[in-house]
Amino acid sequence: MKKSLKNIFTALVTIMSLTASAQEGEFRMTISWNAAVPIGDLKELTGNTTLRSTDVSVLYGINNKIAVGLWGSYADFYEKFPRAVYHSNDGSDVSAVLTNSVQLIPVMASVRYHFSPQARIQPYAAAGVGGNIVIYKQYIGEYPSSDSKLGFAARPELGVYIPFKKDGEAGLNFGVNYTYSPYNRFDLGSLNYIGIKLGIGFPMRD
Amino acid sequence: MKWKIISSSLLFAAMLATGCSKDPARQLENDENGVYITNRAPGAEFSQYNSFVLADSVVVLENNQLVEKVRTDFDARFINTVASQMESRGFVRVSHGAEADLGITVSRIYNDYTGIVNYNDYWGYYGGYWDPWYWGYPGYNYGYPGFYGVYTITDGAVTVDMIDLKNADANGQLRLIWNGLVRGSGTFNTSRAEAHATALFQQSPYISTP
C-alpha cells in the first residue's frame, strides 16, 4: 500500500513538473472522473446521478489550437426501486424489488479546440462522434434480464484547461458535456446524460 | 513506445471503469430477494365461494417428480398463514372430506439446471501462472487434455394453488382459479414463511367473500 501511494505521488510530481509548452505534434492524454446526470428516458430508468464514471481522451495536436483523436468514457447508472406490485394485462401480478442498471461506454472520434492556448485559463470546446456500447440490465429481485447493443453516440463539451503552473503543459481539466445516445428499445428513445468532469491532462512522451 | 503507453493507458482506464460498476444482486437486503407472482384465472369471481379445504401437508417436487408429502416447520407456518389469510377474508375452513367450495394446496418445487463449463482460457495461459521453469523445464509447453467442469444449480419455489371445487361438476374439471408463487434467495427460510404467504394474499385483494 505504501509503495502504491509512493508511486502515485511520484507520478503526480512528474506530471506537474513538466514544463515544455505546445501541444502541436504530440499526443496528450486527459483522464477524468465524472459526475453523470441522467436525463430524459435514462432518468426514467435510473434517476440517480452517478459518480461511477470515468473519461479518457488521447488527442494529437495538429496545431496549438486543434487536437484530434479518440475519446472514450464509461458511466454506470443504477437505481433500486422499493418493492412494488406490477400488474400485467393477463391477470398476473408480480411483487418485487426492481433494479435498473445501465452502463454506457461511448468510444468516439474527437476534435478539441482551444480558444486561447497560451492563457493561464484555457477555455476549449470539444466534440465526439462514434459508437456506444449500451448494457441495460433489469433485475426482478435477483433475477436479471439484459439487453446489450452497439449504438451511436455524440457528445459536445465545453470546459477549461488550467495548467498547474504558468506555461506548464500538464494541468487540471474541468468540463461539462452532453452525451446523446439513441436507444430505440423497450419504449425508450434515448439514454442521454450530462457529464461534469474533473481530470488531469498531460503530454504522452517517452 | 508511444503507442505502448497509449494502449496500456487505455487498458488501465478500461479496467478501472469495469471495476467500478455496481452489482445489483449484491445490493439486495434479505427481504428484497423474494419475488411474489400471483395469477388469477380469467373470470374468476371469489365472492361466489364461501368455504375452503386446505391440505395440511406440502407436496415436494424435484425435477417434476413427486418426492414426498411432508409438514416441516416451514410448511406448517406457511399453511397456517394461508388459512388465516383466507379466514380473514371471509372464507370458512372446513375439514378434509367435508364439502368445500375451494381446495387449496401448497407445494415446494425444486428444479436442477445442469451445464458444462470449460476452462480453456485458464489452461491456455497456465504457463503464465506457473512458468515451466518452476518445474525445472524451461522452454517446455504444457499439455492440456481438454478437461470440462459440470455444474448443477438448484432453483426452488413455493406455490399455492387454489382449485374451484364448487363448480367442478359444471366445469367438468377441477379448475385452477388462482396460483401464488414465491421465488428468490431465502424462499425456504423458516422465519420468513409467514411473510411469504402474507405477501401473496396482500397483492390479491380480490380474494374475498362477503
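Start at the interface of chain B and chain A, where the rule finds one salt bridge. This is a predicted model, so read each stop as a property of the prediction.

**Stop 1: the salt bridge**

Select B:E32 and A:K80. These two form the salt bridge, and their closest N and O atoms are 2.8 Å apart. Now look for polar contacts across the interface. Ten residue pairs are in polar contact there, with both residues at pLDDT 80 or more.

Which elements of chain B give two or more residues to the side that touches chain A? They are helix 1 (2-18) and strand 1 (35-40). Helix 1 of chain B gives the most, with ten residues. Color that side of chain B by residue class. You get 16 nonpolar, eleven polar and eight charged residues.

**Stop 2: the whole interface**

Zoom out. Select the contact residues on both chains: 35 in chain B and 30 in chain A. The area buried between the two chains is about 2800 Å². Carbon and sulfur atoms give 63% of that area.

**Stop 3: a strand pair across the chains**

Select strand 4 (residues 92-114) of chain A together with strand 1 of chain B. The two strands pair in the antiparallel sense over four bridges. Pick out two of the partners. A:D93 has B:T38 as its bridge partner. A:S95 stands opposite B:Y36.

**Stop 4: along strand 4 of chain A**

Keep strand 4 of chain A selected. Is this strand mostly covered or mostly open? Mostly covered: 17 of its 23 residues are buried.

Add strand 3 (residues 66-87) of chain A. Strand 3 and strand 4 of chain A run antiparallel, joined by 18 bridges. Within this pair, A:V68 stands opposite A:V111. The two strands form a hairpin with four residues between them. Click on A:G91 in that hairpin: its phi is positive, near 95 degrees.

Now add strand 5 (residues 122-140) of chain A. Strand 4 and strand 5 of chain A are also antiparallel, with 17 bridges joining them. Go back to A:V111. In strand 5 of chain A its bridge partner is A:A127. A:V111 thus has A:V68 opposite it in strand 3 and A:A127 as its partner in strand 5.

**Stop 5: A:I66**

Select A:I66, which sits in strand 3 of chain A. Is A:I66 buried or partly exposed? Its relative accessibility is 29%, so A:I66 counts as partly exposed. Draw a distance from its C-alpha atom to that of A:A126. The two atoms are separated by 9.6 Å, although the residues are 60 apart along the chain.

**Stop 6: strands 5, 6 and 7 of chain A**

Select strand 5 and strand 6 (residues 143-163) of chain A. They pair in the antiparallel sense over 19 bridges. For a partner pair, take A:N132 and A:G151. Two residues lie between these strands, which form a hairpin. A:G141 is in the turn, with a positive phi of about 65 degrees.

Extend the selection to strand 7 (residues 171-179) of chain A. Strand 6 and strand 7 pair in the antiparallel sense over seven bridges. Here A:E157 stands opposite A:N177.

**Stop 7: two asparagines in a loop of chain B**

Move to chain B and find the loop between strand 2 (51-62) and strand 3 (65-70). B:N63 lies in this loop, and B:N64 does too. Check the backbone angles. Phi of B:N63 is near 50 degrees, a positive value in a residue other than glycine. Phi of B:N64 is near 70 degrees, again positive in a residue other than glycine.

Then switch on the surface. B:N63 is partly exposed, with a relative accessible area of 33%. B:N64 has 68% relative accessibility, so B:N64 counts as exposed; the cut-off for exposed is over 50%.

**Stop 8: helix 6 of chain B**

Finish with helix 6 (residues 193-202) of chain B. Which of its residues are buried? Select B:A193, B:H196, B:A197, B:A199, B:L200 and B:F201. An α-helix has 3.6 residues a turn, so residues three or four places apart point the same way. With that in mind, look at B:A193, B:H196 and B:A197, which are among the buried residues.

Show what surrounds the buried residues. They pack against strand 1, helix 2 (73-88), strand 6 (148-164) and strand 7 (175-183) of chain B. Strand 1 of chain B is also the strand that pairs with strand 4 of chain A.

Key
Residues are numbered from 1 along each chain as its sequence is written. Chains are lettered from A and ligands numbered from 1 in the order in which they are written. This is a predicted model: local features need pLDDT of at least 70, side-chain atom pairs count only at pLDDT 80 or more; totals for chains, interfaces and linings use all residues. Side-chain values use heavy atoms; hydrogens and water are left out. Contact means heavy atoms within 4.5 Å. Buried area is the accessible area (1.4 Å probe) that two parts lose on being put together, summed over both. A salt bridge is a side-chain nitrogen of Lys or Arg within 4 Å of a carboxyl oxygen of Asp or Glu. A polar contact is a pair of N or O atoms within 3.5 Å; within protein, one must be able to donate a hydrogen and the other to accept it, and residues adjacent in sequence count only if both atoms are side-chain atoms. Ala, Val, Leu, Ile, Met, Phe, Trp, Tyr, Cys and Pro count as nonpolar, Asp, Glu, Lys and Arg as charged, and the others, Gly among them, as polar. Two strands pair if DSSP finds at least two bridges between them. Buried means under 20% relative accessible area, exposed over 50%, partly exposed in between (1.4 Å probe, protein chains only).
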